[in-house]
Amino acid sequence: MSRIYVLKRIQQLPIPIEEAWDFFSQPKNLFELTPPSLNLKFTNELFGEAMYPGQVITYNVKPLLGIPLFWMTEITHVDKPNFFVDEQRRGPYSMWHHEHHFKPIAGGVEMTDFVHYALPLGSLGRLAHAAFVKKQLEQIFTYRFQKAQTRFGKFKRT
C-alpha cells in the first residue's frame, strides 16, 4: 500500500486576490514558477488564457538525472477566485492532488497549497521519497515562493 504524503505551503503577497488569481490560474505561468533545472515543456496546445474544469495539460519534465518524464494533469475544480485543483492523470506519482487556495487578507492575499501525493513501488517508493522526492518537492515550492515574491513584492504586516 502506498503512503500518502502531504505538502502544505502558505504565502502572503501584497496584491489583490484578483491579481493573484489572474496570474496563478493561467497554465502558461507555470514556466515562470518552475525551476529551470526541471526543463518543463508543454506538449499540448492550451485553449484560452484561463484554466477551466476538465482542462488537460500535458508536459515533459526532467526531475532526475535529466531523464524525461511525461506528466498529464487535469484541472478538476475551479471556483474563481477562491481555489482550483489539479490532479495527475498520468505521470510519476501513483497519486497527485494539488489544491490552490486564495483568501483576501488585510494588505493582500494569502495563498495556500495543499499537495496530497503518493509514490509507486511500495517500500522502494518510500525510500525514494526519503532520499530525494520530498527534498525536491520542497525545493520546487521554495523556488515558486521566491519567484512570486520577486514578481509581486514582499508582504508587509500591517
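**Notebook: cavities, pocket, helix contact and backbone**

I looked up the largest cavity and found it lined by Arg-9, Ile-10, Gln-11, Met-111, Asp-113, Phe-141, Arg-144 and Phe-145. I note at the outset that the model is predicted.

**Entry 1. Cavities**

I then asked which elements supply this lining. At least two residues of the lining of the largest cavity come from each of β1 (4–13), β7 (108–118) and α3. I sorted the lining residues of the largest cavity by class and obtained 4 nonpolar, 1 polar and 3 charged. For the space in the largest cavity I recorded about 80 Å³. My count of cavities of 30 Å³ or more came to 2.

**Entry 2. The largest pocket**

I turned next to the largest pocket, for which I noted a volume of about 910 Å³. Which residues are the closest to its centre? Of the 41 residues that line the largest pocket, I found these to be Trp-71, Tyr-93, Trp-96, Leu-137 and Ile-140. I listed the elements that each supply at least two residues of this pocket lining: α2 (30–33), β3 (56–64), β4 (67–79), β5 (83–90), β6 (95–105) and α3. The largest share is that of α3, with 10 residues. By class, I recorded the lining of the largest pocket as 31 nonpolar, 8 polar and 2 charged.

I noted that α3 appears in both lists, as a supplier of at least two residues to the lining of the largest cavity and of at least two to the lining of the largest pocket.

**Entry 3. Helices α1 and α3**

I examined how α1 (residues 17–24) is set against α3 (residues 122–152). Their axes come within 13 Å and cross at roughly 125°. I therefore entered α1 as oblique to α3. The hand of the α1 and α3 crossing is right-handed.

Which residues meet in this contact? On the α1 side I listed Glu-19, Phe-23 and Phe-24, and on the α3 side Arg-144, Ala-148, Arg-151 and Phe-152. The residues of the contact of α1 with α3 comprise 4 nonpolar and 3 charged, with no polar residue. I marked Arg-144 for its two roles, as it meets α1 from α3 and also lines the largest cavity.

**Entry 4. Backbone**

I checked the peptide bond from Lys-80 to Pro-81 and found it cis, with omega near -5°. I placed Pro-81 in the loop between β4 and β5.

I also checked Asn-39, which is not a glycine and yet has a positive phi of about 50°. Where does Asn-39 lie? I located Asn-39 in the loop between α2 and β2 (41–42).

Note on methods:
Residues numbered from 1 in each chain as written. Predicted model: local features only at pLDDT ≥ 70, side-chain atom pairs only at ≥ 80, totals over all residues. Heavy atoms only, no water. Axes fitted to C-alpha atoms, helices over the stretch in contact; angles between N-to-C directions. Helix = DSSP H or I, 4+ residues; strand = E, 2+ residues; numbered from the N terminus. Parallel < 35°, antiparallel > 145°, perpendicular 65-115°, else oblique. Left-handed = near helix turned anticlockwise from the far one by under 90°. Contact = heavy atoms within 4.5 Å. Nonpolar A, V, L, I, M, F, W, Y, C, P; charged D, E, K, R; others polar. 1 Å grid on protein atoms, 1.4 Å probe; cavity = no way out; pocket = protein on both sides within 12 Å on 5 of 7 lines; lining within 4 Å. Points joined across faces, edges and corners; volume = space filled by probe spheres on them.
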